[in-house]
Amino acid sequence: MTRVLHILDHSLPMHSGYTFRTRAILSAQAAMGLDVRGITGLRHSAPGPDCEQADGLTFHRTRGGGGGGGPPGLREWLEVNRLADAIVDLAADWRPDLLHAHSPALCGKAALIAGRRLGLPVVYEIRAFWEDAAVANGTGREGNLKYRLTRALENHVVRGADQVITICRGLKDDLVRRGVPASKIAISPNGVDLDLFGTAARPEPELARQLGLGPAPVIGFIGSFYDYEGLDDLIAAMPIVQAREPGAQLLLVGSGPMESALRRQAAASQAHSAIHFAGRVAHREVDRYYALIDVLAFPRKRSRLTELVTPLKPLEAMAQGRLVVASDVGGHRELILDGQTGALFPADDPAACAAALAELLADRGNWKNRRAAAQDHIRSQHDWAVNIVRYQDVYQAALTRSGCHRNPEAT
């Protein structure tokens, strides 16, 4: 049985889009017969034992304190080497056949160091360019020293890895423009575990009452309240939507850095009585909130991050049988077929957002067909049970390139 060690920034039992994708990958690979484990770096902040079971998966922890000590640069270097040492120590007992590192590049660099010491091939998977994510989250600035150093480290890891995986075409094309051979890069798109997320819950009238929702159509957003998500544009669109669909309501589920500003904007809106905040909810409860929403809105603003990276939430919404309206940034265009599996509108334009929402709310006779088309798209293109086979060719290429010729499907 081929053993694959996944090198991770953080993992379950922490909850994030990052950990949910990791869970889906490892669970699907285990179901296919691979022996998989994960090891996290110093940025996994949840308390727990050195070897931990979560959702039936095994994760090992790197110890040594929050990110190491010393000034920036030295601190990250110490962090990388501590993770590399932990990988080598684990390999002495568990003996993986291949190292599969997941962004950020600190994990990739640790895998390269450990891979050289162990004589093992390294696959590096990029879920986003973290320097662009920092800009979008307001914690970085494009083009400054930290941005350039993060990008340089990413390029170094990509060059050193035996094979590279990205989650979407936008990321792959960007790497190709940097000079990385297209043949070295595979795509494993975001997906949904339909065993966990493929059956819609029934609406709960009592939960709707608690949230202040009436019987009229509900527009919703479920996720983190970052500036790049464009929720200010969605709130600005609501008075225009209500002018065409007087009963329309908006439900915002989640929290984040923009929450206070969004609440103030909603309170000042002409549509304030129709805008409801649910707060953060546990992931195991999120299907209850999907069940209350007719149309999921994803008004992401145009930026490098949103142009290059595909989000997970629209896929979850479609899997739950919800209608989807989204801005036409590159990440959405890879996931949504305008007029078929969802509706796209020009980004950064509240009036265009309102028009798309109002048109969809008025087109109730076609809702069933749109929902069916979206769910069919998820089953054929974004079901993890199907998507996971994409890794087999990547692993075989990495093993062959490194001189190991074992078939990763062999048991």
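**Overall make-up.** I started with secondary structure: the chain of this predicted model has 18 helices and 14 strands. Next I looked up the confidence. The pLDDT averages 93 over the chain, and 96% of the residues score at least 70. Residues 405–411 fall below 50, though this stretch still has 21 contacts in the model beyond near neighbours in sequence. I'm leaving the details there alone, because predicted coordinates should not be read in detail where pLDDT is low.

**Size and packing.** I checked the radius of gyration against the globule rule. The chain comes out at 22 Å, and a compact globule of 411 residues would be near 22 Å, so the two agree. Along the principal axes, the C-alpha atoms fill a box of roughly 65 × 45 × 40 Å. I noted that 55% of the 411 residues count as buried. For contacts between residues at least 6 apart in sequence, I found that 72% join residues at least 24 apart.

**Surface and charge.** The chain exposes about 17,100 Å², with carbon and sulfur atoms supplying 51% of that area. I also looked up the charges: there are 47 positive and 45 negative ones, and their mean positions lie 3 Å apart.

**Cis peptides.** I went through the cis bonds next. One joins Leu-12 and Pro-13, with omega about 10°; Pro-13 sits in the loop from β1 (3–8) to α1 (17–32). Another joins Ser-103 and Pro-104, with omega about 20°. I placed Pro-104 in the loop between β5 (98–102) and α3 (105–118).

**Positive phi, Arg-95.** On the other side of β5, I stopped at the loop that links α2 (74–94) to that strand and holds Arg-95. Arg-95 isn't a glycine, yet its phi is positive at about 55°. Is Arg-95 buried or exposed? I read 60% relative accessibility for Arg-95, which is over the 50% cut-off, so it counts as exposed.

**Helix α4.** I then moved to α4 (residues 130–137), where Glu-131, Asp-132, Ala-133 and Ala-136 are buried. I wanted to know what these buried residues pack against. The partners turn out to be α5 (145–160) and α12 (304–308). Just past the end of α4, I noted Gly-138 with a positive phi of about 85°.

**Lys-301.** α12 took me to the loop before it, which runs from β12 (295–298) and holds Lys-301. Why does Lys-301 count as buried? I get 16% relative accessibility for Lys-301, and buried means under 20%, so the label holds.

I listed what Lys-301 touches, leaving out residues up to four places away in sequence: Asp-227, Tyr-228, Glu-229, Gly-230, Asp-232, Asp-233, Thr-306, Val-329 and Asp-348. I checked one of these pairs for distance: Lys-301 and Asp-227 are 74 residues apart in sequence, with their C-alpha atoms 8.1 Å apart.

**Asp-348.** I followed another contact of Lys-301 to the loop between β14 (343–345) and α15 (350–362), where Asp-348 lies. Asp-348 is a further non-glycine residue with a positive phi, near 65°. At 39% relative accessibility, I put Asp-348 down as partly exposed. My last note sets the pair side by side: Lys-301 is buried, whereas Asp-348 is partly exposed, and the two touch.

Notes:
Residues numbered from 1 in each chain as written. Predicted model: local features only at pLDDT ≥ 70, side-chain atom pairs only at ≥ 80, totals over all residues. Heavy atoms only, no water. Buried < 20%, exposed > 50% of the residue type's maximum accessible area, 1.4 Å probe, protein only. Helix = DSSP H or I, 4+ residues; strand = E, 2+ residues; numbered from the N terminus. Contact = heavy atoms within 4.5 Å. pLDDT = per-residue confidence, 0-100. Rg over C-alpha atoms; globule rule 2.2 N^0.38 Å. Areas by Shrake-Rupley, 256 points an atom, 1.4 Å probe, with all protein chains shown as cover. Lys, Arg positive; Asp, Glu negative; His and termini not counted. Charge placed at Lys NZ, Arg CZ, Asp CG, Glu CD.
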